[in-house]
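User: Please take a close look at one part of this structure and tell me how it sits among its surroundings. I like to have the cut-offs spelled out as we go.

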Amino acid sequence: AEVKSIVEKTPSIINEQPAGRWSALHQAAACGSLSMCKFLIEHGASTELLTRDGKRSVDVAHESCKDFLRVAEQHAFLDAARAREWEKVIAMLGKNAGLVNCQP
C-alpha cells in the first residue's frame, strides 16, 4: 500500500533505480507480487530497465510473475513499433532479440 501511495503521489518515481540498483518493478517481480507488478506496469513502469549487472525485471522475477512480464514486454515492444519509435525498438531488441517474432 505504501508503494502505491508513493507512486500515485509522485508518478515520476516509477522507474527510479538508485545507483543503478533494482527498480520497484524488479523488487515486485522478485518477490512474486503479481498484483504489484500489474499496478506498476499500469502506472508506467518500464520492463526495459536493466540493473547494474544487466538484469531486466523478468530476469529476476519469481515464476508467478514471469509470464505476465514477458507479455507486458511484448506489448511495449509492439507499441514502440506501431509508434515508429525505432531507437526504442532497436534498444529493446538489443536486450531481448526474441521480441522480433513476438505475438502476445
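Analyst: Happy to! Buried stands for under 20% relative accessible area, exposed for over 50%, and partly exposed for what lies in between (1.4 Å probe, protein chains only). This is a predicted model, in which local features need pLDDT of at least 70 and side-chain atom pairs count only at pLDDT 80 or more, while totals for chains, interfaces and linings use all residues. Residues are numbered from 1 along each chain as its sequence is written, and side-chain values use heavy atoms, with hydrogens and water left out.

The part I would pick is helix α5, together with the loop that comes after it. α5 covers 63-82, and the loop between α5 and α6 (86-95) is where alanine 83 lies. Helices here are DSSP runs of H or I with at least four residues, numbered from the N terminus. With 20 residues, α5 reaches 30 Å from its first C-alpha to its last. That is close to the expected 28 Å, where the expected span is 1.5 Å times one less than the number of residues.

Which residues of α5 are buried? They are Cys65, Lys66, Leu69, Ala72, Glu73, Gln74, Phe77 and Ala80. Lysine, glutamate and glutamine thus appear in the buried set, as Lys66, Glu73 and Gln74. As for their partners, the buried residues of α5 pack against α2 (24-31), α3 (34-42), α4 (57-60) and α6; contact means heavy atoms within 4.5 Å.

Valine 71 also belongs to helix α5. Valine 71 counts as partly exposed because its relative accessibility is 36%. From the C-alpha atom of valine 71 to that of glutamate 16, the separation is 22 Å, with the two positions 55 residues apart along the chain.

Now for the loop that follows the helix. Alanine 83 has a relative accessible area of 46%, so alanine 83 is partly exposed. Its C-alpha atom is separated by 17 Å from the C-alpha atom of glutamine 103, a residue 20 places away along the chain. Arginine 84 lies in the same loop, between α5 and α6. What is notable about the backbone of arginine 84 is phi, near 60 degrees, a positive value in a residue other than glycine. Arginine 84 counts as exposed because its relative accessible area is 62%.

For context, let us visit one of the packing partners, α2. Helix α2 contains glutamine 27. The relative accessible area of glutamine 27 is 41%, so this residue is partly exposed. Between the C-alpha atoms of glutamine 27 and asparagine 96 there are 20 Å, and the two residues are 69 apart along the chain.

Ahead of α2 comes the loop between α1 and α2, which holds glutamine 17. Why does glutamine 17 count as buried? Because its relative accessibility is 19%. The side chain of glutamine 17 reaches the backbone oxygen of arginine 21 at 2.9 Å, a polar contact, that is, N or O atoms within 3.5 Å, where within protein one must be able to donate a hydrogen and the other to accept it, and residues adjacent in sequence count only if both atoms are side-chain atoms. With neighbours within four places in sequence set aside, glutamine 17 touches Trp22, Ser23, His26, Leu49, Leu50 and Thr51.

The loop between α3 and α4 holds two more residues to look at. Serine 46 is in this loop, and its side chain reaches the backbone nitrogen of glutamate 48 at 3.0 Å. Leaving out residues up to four places away in sequence, serine 46 touches Asn15 and Leu25.

Lysine 55 is found in the loop between α3 and α4 too. Lysine 55 counts as partly exposed because its relative accessible area is 35%. Beyond neighbours within four places in sequence, lysine 55 is in contact with His26, Leu49, Leu50 and Val60. The C-alpha atoms of lysine 55 and arginine 21 are 9.9 Å apart, although the two residues are separated by 34 places along the chain. Arginine 21 is the residue whose backbone oxygen meets the side chain of glutamine 17.
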